[in-house]
Amino acid sequence: MADPSLVLKREKMQYSYYPGCSLHSTGVAYDKSVRAMFRALDVELTEIDDWNCCGATAYMSVKETVACVVSARNLALAEPSGHDIVAPCSACFTVLNKTRSYVRQLPEFRRNVEASLNEAGMTCRFDLPVRHPLDVLLNDIGISGIVERQVRSLDGLRVACYYGCQIVRPERAVEEDPEVPMALDDLISALGGTPVDYPPKVRCCGGMLVATFEEVAQNLCNELYDRARSEQADCIITTCPMCQANLELLQQGRRGRTNGSSRPIPILYFTQLIGMALGVSDADAGLQHNLIPLNARFPPVSEMVCHGS
Amino acid sequence: MPVVADLDRVRTAPDLFEKEECELREAFLTEVERVPGGARLRRCIQCGTCTGSCPVSYAMDLTPREVMALFRAGDIERILRSRTIWVCASCYQCTTRCPSNIKVTDILYALKRVAVDRRVFPRKFPVYVLSETFAKQVRKYGRNYEVGLLRTYFWKTSVVRMLMRTGLALALWRKGRLALRPARIKGIAGLRRMIAKAETFDRPQPTEVDQEPTSEVGYGAIG
Ligand code: SF4
Ligand code: SF4
């Protein structure tokens, strides 16, 4: 373990935090675990005051200026702090970034968006980056910075790292091969876990199709379960509240119980697992909100604390 | 049928197509122009990489490659009436892999916007109900409130489906994952003013080209 005085010297990192609607309801475990994980890393998140819905995909597809203005209000609210914005939800992350890039590339569109913001006395320069927590972990803190603070090993845990589509594709969250990203895998193995070979890691979970063409979404998710099962994964980790909910719900029967036929696969947020490695309690990691409990056993907190200090 | 490969030529040659097709094209082109890099659409080499990469192309009646071809052959109406644009899950796999750098996903979005504006789909069409309900909620609360969203959505599309879903909703609720009350933001009045202003920049809704309403969802709703 590194010299604790060196760790303390790092200046406290600060970010504006945009939870988004999902993290206040179905994705509550993501919200809790993001906050707890960053607390354990001594990173300060300040929630953007009075944030509103990001505009999300459903909105984006119908009225573009309206969607971008709704989204831009959040960027405007965060701007005075000057801190980068962290948006854990992949949909919010994409929409906020798309708004930024549209506005920066299309001058007329920008004027329209600015004129609309002005109606409520707001202005925005659109220069604050919007970032995914995975990007902050890898590039601001770094894998070594995380391992430094690890108090519990993920030893013995077989993990299927599922990236989904939004963070490796349209608005790339991390500089990575969009076909075979390895960032999460590297992080998990640095913390002692075993990332399994998981070719469908960037396949689509179906997104909103679960509400419109459920059969199609079910097929997509089955592919993700099947591979995780055949690789004997203890869990699948995700980076997005929509993937997490889809992957959990499509394993449930109509009455909300797990289908008896095959072994249920727990679906965790990557922040839950990393948080636990950093000593975050099960409750702070939001494990009580998961529909399928993580049954895998891994070493208790105490073991690493002793040999770490 | 002439292949129109250049966006400008469509506008300067109004006699090439039927009047309705011209209007649809005009609307679509306006949308495509709003996509940064959208005009690259004319560089499609019909390689089919998009279709081959698409995880849901098996469920589409027109593949993404065919959509590109039909556009150039001047048959937007057929694209709008297909289920392709609605089956697309916006996963961006096609866009990442297209060798001509075409923003396939964003172009499908642009087509969706035209379809919604022109109402070229059944009235109770699920995706439309979803985005409409969603937009209403944002206007009302400034945030999205899932219980209300799902209730309205399933109520409008299928009551039977809503009842089937109740078990799942209960499971989520038991785990503390459903907010039962919407949260209204403090700045809602300002947000509404912004939205009203922004609406003046989005294209106004033209006359309805409605089809028979249906209460079915999924494949049933669009044949
Ligand atoms: S991948 Fe690109 S170039 Fe190839 S058919 Fe699709 S849109 Fe055309
Ligand atoms: S974005 Fe749509 S069309 Fe493209 S690969 Fe994904 S589902 Fe298919």
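**Exercise 1. Characterise the shell around ligand 2 by residue class, then by position.**

Step 1. Sort by class: the shell around ligand 2 has eleven nonpolar, three polar and no charged residues. Here Ala, Val, Leu, Ile, Met, Phe, Trp, Tyr, Cys and Pro count as nonpolar, Asp, Glu, Lys and Arg as charged, and the others, Gly among them, as polar.

Step 2. Note the ground rules. The model is predicted, so local features need pLDDT of at least 70 and side-chain atom pairs count only at pLDDT 80 or more, while totals for chains, interfaces and linings use all residues. Residues are numbered from 1 along each chain as its sequence is written, chains are lettered from A and ligands numbered from 1 in the order in which they are written, and side-chain values use heavy atoms, with hydrogens and water left out.

Step 3. List the neighbours. Ligand 2 is surrounded by 14 residues, and the closest are Cys54(B), Cys88(B), Cys91(B), Tyr92(B) and Cys94(B). A residue is near a molecule if one of its heavy atoms lies within 4 Å of it.

Step 4. Assign elements. At least two shell residues come from each of helix H7 (93–97) and helix H8 (104–118) of chain B. Helices (H or I, at least four residues) and strands (E, at least two) are DSSP runs, numbered from the N terminus.

**Exercise 2. Examine Tyr92(B). Where does it lie, and is it buried or exposed?**

Step 1. Tyr92(B) belongs to the loop between helix H6 (84–87) and H7 of chain B.

Step 2. Tyr92(B) has a relative accessible area of 5%, so it is buried. Buried means under 20% relative accessible area, exposed over 50%, partly exposed in between (1.4 Å probe, protein chains only).

Step 3. Check the backbone. The phi of Tyr92(B) is near 65 degrees, a positive value in a residue other than glycine.

Step 4. Link back to the ligand: Tyr92(B) is among the closest residues to ligand 2.

**Exercise 3. Locate ligand 1 and describe its surroundings.**

Step 1. Find the site. Ligand 1 sits in the second largest cavity. A molecule sits in a cavity if more than half of its atoms lie within 2 Å of its grid points. On a 1 Å grid over the protein atoms alone, a cavity is a set of points where a 1.4 Å probe fits but cannot get out; lining residues have an atom within 4 Å of a point.

Step 2. Size the cavity. Its volume is about 100 Å³. The structure holds seven cavities of 30 Å³ or more. Grid points are joined across faces, edges and corners, and a volume is the space filled by probe spheres set on the points.

Step 3. Name the lining. It has 15 residues, with Cys44(B), Cys47(B), Cys50(B), Cys98(B) and Ile102(B) nearest the centre. By class, the lining has ten nonpolar, four polar and one charged residues.

Step 4. Name the ligand shell. Around ligand 1 there are 14 residues, the closest being Cys44(B), Cys47(B), Gly48(B), Cys50(B) and Cys98(B). Two or more shell residues come from each of helix H3 (49–53) and helix H4 (64–72) of chain B. This shell has nine nonpolar, four polar and one charged residues.

**Exercise 4. Describe the two chains.**

Step 1. Chain A has 13 helices and eight strands. Chain B has 13 helices and zero strands.

Step 2. In chain A, 63% of the 309 residues are buried. In chain B, 55% of the 223 residues are buried.

Step 3. Contact means heavy atoms within 4.5 Å. Among contacts with a separation of 6 or more, residues 24 or more positions apart account for 76% in chain A and 66% in chain B.

**Exercise 5. Place Cys124(A) and Phe126(A) in chain A, then find the contacts of Cys124(A).**

Step 1. Phe126(A) lies in the loop between helix H6 (107–118) and strand S4 (130–131) of chain A. Cys124(A) is in the loop between H6 and S4 of chain A.

Step 2. Phe126(A) counts as buried because its relative accessibility is 1%. Cys124(A), at 7%, also counts as buried.

Step 3. The phi of Phe126(A) is near 60 degrees, a positive value in a residue other than glycine.

Step 4. Leaving aside neighbours within four places in sequence, Cys124(A) contacts Leu75(A), Ala76(A), Glu79(A), Arg110(A), Glu114(A) and Leu117(A). Cys124(A) and Ala76(A) are 48 residues apart in sequence, yet 4.8 Å apart in space, C-alpha to C-alpha.

Terms used:
On a 1 Å grid over the protein atoms alone, a cavity is a set of points where a 1.4 Å probe fits but cannot get out, and a pocket is an open set with protein on both sides within 12 Å along at least five of seven lines; lining residues have an atom within 4 Å of a point.
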